[in-house]
Amino acid sequence: MNIEVLYFLALAMISLGLVLAFIRLVRGPSLPDRVVAIDLVVALAIGIIASYAILFDQPAFLDVAIIIALISFLGTIAFAYYIERRV
Amino acid sequence: MGSIILHLAARYLMPLLLVFSVFLLIRGHNEIGGGFVGGLVAAAAFILYAIANNVQEARRILRVHPRALIASGLLVALSSGLVGWLTGKPFMTGLWLKDPLPVIGKIGTPLMFDVGVYLVVVGVTLLIIFTLAEE
């Protein structure tokens, strides 16, 4: 079995996860649910970028994944700050 | 927000983000990156510090007012154009030093212009965010 098939399989599974996370993002009854869903979407996006970078041999794309990983932490904290102040 | 996790994470993440922003800035001429992205990442480092502590503390650690960063960035970008002019070539001609430096690589006026963009982006972003956060 070709190793590339595994990366395409991983991309498909992550895409499925993205769809499920988006369903939670749209339906989520409360604001914290949506914030956690956004965090999950970001983590899955990092996974997609990493798989794509390996699959097509583009190491420069990994920098984007690093930046997103560092910044998404910031976004989640900002949301938490907002929720804490609103209550 | 008095979370100890956030304080420690900010203390370790901020230098990492700043180093990465400089890395993006220097690599920008030949590969992916550049002054704009680097400036945004550096601004994100200061915003993280402002969220973990407070805005006054972040202003103190920045040392200078964001407005001064914008002005000096524009000055650096302008002087990168003047270098070509002073040597008798058209305004904003890209000039490079002959020998590349050990770590940084080749130095020239395009890199200088990128440094100016970096400073302007950091200044503008921090000016906007600090003003909004202090309201």
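**View 1. Burial and surface in chain B of the predicted model****.** In this predicted model, 39% of the 135 residues that make up chain B count as buried. The accessible surface of chain B amounts to about 7900 Å², and carbon and sulfur atoms contribute 70% of that area.

**View 2. The helices of chain B****.** Chain B holds five helices and zero strands, so that, read from the N terminus on, its elements follow the order α-α-α-α-α (the terms helix and strand being DSSP runs). Taken along the principal axes, the box filled by the C-alpha atoms of chain B is roughly 60 × 30 × 20 Å. Among the contacts in chain B with a separation of 6 or more, 62% are made by residues that stand 24 or more positions apart in the chain.

**View 3. Charged side chains of chain B****.** The side chains of chain B include 9 that are positive and 6 that are negative. The centre of the positive set and the centre of the negative set lie 6 Å apart.

**View 4. Spans of chain A annotated in UniProt****.** An unreviewed UniProt entry gives the feature "transmembrane region" for residues 6–23, 35–55 and 61–83 of chain A. In the predicted model, residues 35–55 of chain A are 100% helix and 0% strand, with 30 Å between the end C-alpha atoms of this span. Residues 61–83 of chain A are likewise 100% helix and 0% strand, and here the end C-alpha atoms lie 33 Å apart.

Key:
Residues are numbered from 1 along each chain as its sequence is written. Chains are lettered from A and ligands numbered from 1 in the order in which they are written. This is a predicted model: local features need pLDDT of at least 70, side-chain atom pairs count only at pLDDT 80 or more; totals for chains, interfaces and linings use all residues. Side-chain values use heavy atoms; hydrogens and water are left out. Helices (H or I, at least four residues) and strands (E, at least two) are DSSP runs, numbered from the N terminus. Buried means under 20% relative accessible area, exposed over 50%, partly exposed in between (1.4 Å probe, protein chains only). Contact means heavy atoms within 4.5 Å. Accessible areas come from the Shrake-Rupley method with a 1.4 Å probe; for residues, only the protein chains shown count as cover. Lys and Arg count as positive and Asp and Glu as negative; His and the chain ends are not counted. The place of a charge is taken as NZ of Lys, CZ of Arg, CG of Asp or CD of Glu. UniProt positions are given in the numbering used here, feature names are shortened, and annotations may be inferred rather than shown by experiment.
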